[in-house]
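Subject: Handover of a structure, with notes

Dear colleague,

I am passing this structure on to you, and my notes on it follow below. Please read them with the coordinates open beside you.

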Amino acid sequence: MEPEIIPPRRIKETALFRELWTQAEEVLAASNVITCIGLNLNEGDEDFLSLLNEGLHKGDKELGFINFSPDKSIQEKFHWKEKIKNLLNFDIPLENISLDGFVEWISQMEN
């Protein structure tokens, strides 16, 4: 599947945005593996978190989380594991969390 960019709010002013949001819901529901890249899981993004939460809990899913932050206080996998558990009610293995950028993840995809 091709990566998609999802407009940040569920309630859309244009038919195109509403259609993109519906497509995102369908793709997440049908996916077995969901990888979030560069997502900070901002609590204010309620619509997106709801969309992701619904997608994760439809069927058997594997979640990958790739992020990088210069803030040393949140560069720990346990921080993100707990945040994902609290916000999305989804238990992600520590090995599915990468905090040092994309190089490691891309090399795994090539193998």
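Since much of what follows concerns packing, a contact here means heavy atoms within 4.5 Å. The model is a predicted one, and the notes should be read with that in mind.

**Overall layout**

The chain holds four helices and three strands, and from the N terminus on these elements follow one another in the order α-β-α-β-α-β-α. Of its 111 residues, 32% count as buried. The surface that the chain exposes comes to about 7,500 Å², of which carbon and sulfur atoms supply 53%. Among contacts between residues at least 6 apart in sequence, 66% join residues at least 24 apart.

**The strands**

Strand 1 and strand 2 run parallel and are joined by five bridges; within this pairing, Thr 35 has Gly 64 of strand 2 as its bridge partner. Between these two strands the chain passes through helix 2, and the resulting β-α-β crossover is right-handed. Strand 2 also runs parallel to strand 3, to which it is joined by two bridges, and here Phe 65 has Ile 97 of strand 3 as its bridge partner. As for its surroundings, strand 2 is mostly covered, with four of its five residues buried.

**Helix 1 and helix 2**

For helix 1, the 16 residues should span 22 Å at 1.5 Å a residue, and the end C-alpha atoms of the model are 23 Å apart, which agrees. The buried residues of helix 1 are Trp 21, Ala 24 and Leu 28. They cover an arc of only 55° around the axis, and therefore sit on the same side of helix 1. A general point about helices fits here: with 3.6 residues a turn, residues three or four places apart point the same way. The cover over the buried residues of helix 1 includes strand 1 and helix 2, whereas the face turned away from that buried side carries the exposed residues Ala 15, Leu 16, Glu 26 and Ala 30.

In helix 2 (46–56), the buried residues are Asp 47, Phe 48, Leu 49, Leu 51, Leu 52, Gly 55 and Leu 56. These buried residues pack against helix 1, strand 1, strand 2 and helix 3.

Ahead of helix 2, in the loop that connects strand 1 to it, lies Leu 41. Its phi is near 55°, which is a positive value in a residue other than glycine. Is Leu 41 buried or exposed? At 2% relative accessibility, Leu 41 counts as buried, because the cut-off for that class is under 20%.

**Helix 3 and what follows it**

Helix 3 covers residues 77–88, and at 1.5 Å a residue its twelve residues should span 16 Å; the end C-alpha atoms are 16 Å apart, which agrees. Its buried residues are Trp 80, Lys 81, Ile 84 and Leu 88. Seen down the axis, these buried residues fall within an arc of 105°, so they line one face of helix 3. The cover over them includes helix 2, strand 2 and strand 3, while Phe 78 and Asn 86 are exposed on the other side of helix 3.

Two lysines of helix 3 can be set side by side. Which residues does Lys 81 touch, not counting residues up to four places away in sequence? They are Asp 91, Ile 92, Pro 93, Leu 94 and Ile 97, and at 18% relative accessibility Lys 81 counts as buried. Lys 85, also found in helix 3, counts as partly exposed at 35% relative accessibility. Leaving aside its neighbours within four places in sequence, Lys 85 is in contact with Phe 90 and Asp 91, and Asp 91 is likewise among the residues that Lys 81 touches.

Helix 3 is followed by Asn 89, which lies in the loop between helix 3 and strand 3. Although Asn 89 is not a glycine, its phi is positive, at about 55°.

With best regards

Technical notes. Residues numbered from 1 in each chain as written. Predicted model: local features only at pLDDT ≥ 70, side-chain atom pairs only at ≥ 80, totals over all residues. Heavy atoms only, no water. Expected span 1.5 Å × (residues − 1). Buried < 20%, exposed > 50% of the residue type's maximum accessible area, 1.4 Å probe, protein only. Arc of directions from axis to C-beta. Areas by Shrake-Rupley, 256 points an atom, 1.4 Å probe, with all protein chains shown as cover. Pairing = 2+ DSSP bridges. Right-handed = clockwise from strand over helix to strand, strands pointing away.
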